[in-house]
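Got your viewer open? Here's a walk through the model, one selection at a time.

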Amino acid sequence: MRIGVITFPGSLDDRDALRAVRMAGAEPVALWHGDHDLQGVDALVLPGGFSYGDYLRCGAIASLSPIMTEVVDAAGKGMPVLGICNGFQMLAEAHLVAGGLIRNDHGNFIRRDQHLIVENADTPWTNGFEQGQEIVIPLKNGEGGFIASAEELKRLEGEGLVVFRYTGVNPNGSLDDIAGVRNERGNVVGLMPHPEHAVEAGFGPDTAVAMRSGVDGLTFFTSVIRSALVEA
Amino acid sequence: MREWSGDHPLSTIVVEVMPKAELLDPQGKAVAGALARIGKGEFSGVRVGKRFELTVDGPIDDEIKAAVAEIASEILSNSVIEDVVGIHYPGEDA
């Protein structure tokens, strides 16, 4: 399986995402925002960072990049797409998922090992988790407050489109503690925390077992490989 | 592309965008907190928005106005979190 990671001007977690793909057992493919070419990949990751300096709104200018034409098209045809942090903001700006991200309610940038509940294990990026499983992966952002209108929130909750919820602490004022959502079809998932930083023991978040031992992020990438095998 | 003929002055169009009223505005909250700390507590609230100045070469016609309306709502603002609160053309009272 070939999984593409798109580099935008200001992306900074693209290399980690490529590495996570490789460690999960798929072939990583580096893609460029200025191309109109997905190089035949089977799935896509929009990585974290500060594309275009977060000018205008986080992810807004990146969502207008040339390659986003192909991303929107592929997402519409069912290709698995994962947006992480700035990538989630791009998905929201491109209206591939509902809601928006605003500055953290406390006004500060935050970096912490974040506990999450997997609210929906029925997506290509989460099928390796149990429904309701608690996981821990790093969170690091300044504008991670998830918001949507009351009506839209009701729809997200009612239709099971919430994929991840913060637990223990709501780190940024996100409504309903929402950390990640999916589209109606389920192939597009966006979340603020960073699975690609929790794929190798010794370099992941702290867990109850040992310091830096957390590898829950790897399951995102093994999940999408598994879903491709099931489909094939 | 519209060629600048030199017959008309540059025209500047102003687009104003604010975070939706019902949303928390952490920037405004931070400014309000600072005002209170320096003894300007008479201002009970501050909200921070954005002002865009779009320049066109020459006069503004209906085509330009339609384009401004489109980019104001589609690009300069995100309707999930913001509202376009004003579009001002030259010669109008702002």
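Let's start in chain A. Select helix 2 and look at what its buried residues rest on: they pack against strand 1 (2–7), strand 2 (27–32), strand 3 (43–46), strand 4 (81–84) and strand 11 (188–191) of chain A. Keep in mind as you click around that this is a predicted model. The predictor gives the complex an ipTM of 0.85 and a pTM of 0.93.

**Stop 1: helix 2 of chain A**

Which residues of this helix are buried? Within residues 67–76, colour I67(A), M68(A), V71(A), A74(A) and A75(A), and you have the buried ones. They sit on the same side of helix 2 of chain A, because they cover an arc of only 120° around the axis. There's a handy rule behind patterns like this: an α-helix has 3.6 residues a turn, so residues three or four places apart point the same way. Now spin the view round to the other side of helix 2 of chain A, where T69(A) and D73(A) are exposed. Before you leave, step just past the end of the helix to G78(A), which takes a positive phi of about 105°.

**Stop 2: helix 3 of chain A**

Next, select residues 86–93 of chain A. How many of the eight residues in this helix are buried? Eight of the eight are, so helix 3 of chain A is mostly covered. Click through them if you like: N86(A), G87(A), F88(A), Q89(A), M90(A), L91(A), A92(A) and E93(A). To see what does the covering, show strand 3, strand 4, strand 5 (100–102) and strand 11 of chain A, which are included in it.

**Stop 3: two positive phi values**

Most residues other than glycine have a negative phi. Here are two that go the other way.

First, pick H95(A), just after helix 3 of chain A, in the loop that leads on to strand 5. Its phi is near 60°, a positive value in a residue other than glycine. Is H95(A) buried or partly exposed? H95(A) counts as partly exposed because it has 13 C-beta neighbours inside 10 Å.

Then jump back to L56(A), in the loop between strand 3 and helix 2 of chain A. Phi of L56(A) is near 70°, also positive and also in a residue that isn't glycine. L56(A) has 20 C-beta neighbours inside 10 Å, so it counts as buried.

**Stop 4: the largest nonpolar core**

Now for the inside. The largest nonpolar core has 73 residues. Which of them touch the most other members? Show V21(A), L44(A), L91(A) and F221(A) as sticks, since those are the ones. You've already met L91(A), back among the buried residues of helix 3 of chain A. Zoom in on F221(A): leaving aside neighbours within four places in sequence, F221(A) is in contact with A20(A), V21(A), A24(A) and A26(A). There's also a second, separate core of five residues, and I13(B), V15(B), V17(B) and L76(B) are among them. That takes us across to the other chain.

**Stop 5: chain B as a whole**

Hide chain A for a moment. Chain B has two helices and three strands, and if you trace it from the N terminus the elements run β-α-β-α-β. Of its 94 residues, 12% are buried. Try colouring by pLDDT: chain B averages 89, and 89% of the residues score at least 70. As for contacts in chain B between residues at least 6 apart in sequence, 71% join residues at least 24 apart.

**Stop 6: L76(B) and S79(B)**

Select L76(B), in helix 2 of chain B. With 21 C-beta neighbours inside 10 Å, L76(B) counts as buried. Beyond the residues within four places in sequence, its contacts are V15(B), V17(B), F52(B) and I71(B); two of the names, V15(B) and V17(B), also appear in that second core.

Move along to S79(B), in the loop between helix 2 (62–76) and strand 3 (82–88) of chain B. S79(B) has 13 C-beta neighbours inside 10 Å, so it counts as partly exposed. Now try your distance tool: the C-alpha atoms of S79(B) and K20(B) are separated by 8.5 Å, though the two are 59 residues apart along the chain. For another pair, take L76(B) and A32(B), which are 44 residues apart in sequence and 25 Å apart in space, C-alpha to C-alpha.

**Last stop: where the chains meet**

Bring chain A back. Eight residues of chain B are in contact with 13 residues of chain A. On the chain B side, the residues that touch chain A divide into six nonpolar, two polar and no charged.

Methods
Residues numbered from 1 in each chain as written. Chains lettered and ligands numbered in written order. Predicted model: local features only at pLDDT ≥ 70, side-chain atom pairs only at ≥ 80, totals over all residues. pLDDT = per-residue confidence, 0-100. Helix = DSSP H or I, 4+ residues; strand = E, 2+ residues; numbered from the N terminus. Arc of directions from axis to C-beta. Contact = placed C-beta atoms within 7 Å. Nonpolar A, V, L, I, M, F, W, Y, C, P; charged D, E, K, R; others polar. Core = buried A, V, L, I, M, F, W, Y, C linked by C-beta atoms within 7 Å.
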